[in-house]
Each structure stands twice: as structure tokens, then as C-alpha cells.
Amino acid sequence: MTRPDVPPGSNSPAGGEIPAGGDGATADLVAAAVLSVPGVSGLHGGAFGEVGTYLPGRRVSGIRLGATSQVHVTVAMGSDVLAVAGQVRDTVSTLLGGPVEVVVEDVTPAVPH
């Protein structure tokens, strides 16, 4: 079965994830930047764990790199969800230089500081 979000002839995994080049430094950099945004409590792999960047021997959950990259996050309760999503989008877009879709998958209890 062909998925419309996977370019024809691509060698991406069944979930449509596009592997990062080399050692995965790009996916790791994006993940670290997203997790540093205030209000982000974590990365989220999607309803069935389908969102991720596959690398040799490991996977970066919640990050899908491609022409339009996707970032799936959980947000801490009490945070302004739209502001957090906007900051994630701006941060990742600056790193990658392209469009970014941000999906807030869940809201988690606020973590006491």
C-alpha cells in the first residue's frame, strides 16, 4: 500500500519517516531544542508510536524529518498551548530552515520546580 505522504521510490520505513543523514545529529539537535522550550514536557511518538526518525540502532521518537518536518510533543498543564506550539515551530524552523508542523498530542500534569 502506498502512503501519500511518502515520496515514490523513497527508502523510508513503513511509517513514512525519513531517516536523518549521517549519525542522526540533526534529529538529536531538533529533539534537544524542542525539549528546551518552556512548557514542553516531552516528545510523543503519536497514537501508535508511528512518529519518529529511524537511525542505525535507535529511534528519535516524536521527530519526523522531511520536506515539511513534524514535531509531536506533550505540553505541561497550565502552559499556553498555542504559545508553546508556536515557540516549538519557530525554534525548529530556525534550525532546519523549512516548514514545521507541530502536533500537541497530550497535556501532562505540571512538573513542580
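**Exercise 1. Determine where His72 lies in this predicted model, whether the residue is buried or exposed, and what its side chain contacts.**

Solution. The first step is to place the residue, and His72 is found in strand β5, which spans residues 69-76. The second step is to read its relative accessibility, which is 7% for His72; because buried means under 20% relative accessible area, His72 counts as buried. The third step turns to polar partners, where the side chain of His72 makes a polar contact with the side chain of Glu105 at 2.6 Å. The last step widens the view to the surroundings: leaving aside residues up to four places away in sequence, His72 touches Gly42, Leu43, His44, Val51, Gly62, Val103 and Glu105.

**Exercise 2. Establish which residues of helix α1 are buried, how they are arranged around the helix axis, and which elements they pack against.**

Solution. Begin with the helix itself, which covers residues 25-35 and has Ala27, Val30, Ala31, Ala33 and Val34 as its buried residues. Viewed down the axis of α1, these buried residues fall within an arc of 165 degrees, so they line one face of the helix. Next, follow the packing of the buried residues, which goes against strands β1 (40-43), β2 (52-55), β3 (58-61), β4 (63-64) and β5 (69-76), and also against helix α2 (81-96). For contrast, take Ala32, which is also placed in helix α1 but counts as partly exposed at 48% relative accessibility. Its C-alpha atom is separated by 10.0 Å from that of Leu43, which is eleven residues away along the chain.

**Exercise 3. Describe how α1 and α2 pack, giving the angle and the distance between their axes, the handedness of the crossing and the residues that make the contact.**

Solution. Two packed helices are described by the angle between their axes and by the distance between those axes. Here α1 and α2 pack at an angle of about 150 degrees, with their axes 10 Å apart. Because angles over 145 degrees count as roughly antiparallel, α1 is roughly antiparallel to α2. The crossing in which α1 passes α2 is right-handed, and the contact is made by Thr26, Leu29, Val30, Ala33 and Val34 from α1 together with Val88, Thr91, Val92, Leu95 and Leu96 from α2.

**Exercise 4. State the secondary-structure content of the protein and the order of its elements.**

Solution. Counting the elements gives two helices and six strands. Read from the N terminus on, they run α-β-β-β-β-β-α-β.

Methods:
Residues are numbered from 1 along each chain as its sequence is written. This is a predicted model: local features need pLDDT of at least 70, side-chain atom pairs count only at pLDDT 80 or more; totals for chains, interfaces and linings use all residues. Side-chain values use heavy atoms; hydrogens and water are left out. Buried means under 20% relative accessible area, exposed over 50%, partly exposed in between (1.4 Å probe, protein chains only). Helices (H or I, at least four residues) and strands (E, at least two) are DSSP runs, numbered from the N terminus. The arc is that of the directions from the helix axis to the C-beta atoms. Contact means heavy atoms within 4.5 Å. A polar contact is a pair of N or O atoms within 3.5 Å; within protein, one must be able to donate a hydrogen and the other to accept it, and residues adjacent in sequence count only if both atoms are side-chain atoms. Axes are lines fitted to C-alpha atoms, for helices over the stretch in contact, and angles run from 0 to 180 degrees between N-to-C directions. Angles under 35 degrees count as roughly parallel, over 145 as roughly antiparallel, 65 to 115 as roughly perpendicular and the rest as oblique. A crossing is left-handed if the near helix is turned anticlockwise from the far one by less than a right angle, and right-handed if clockwise.
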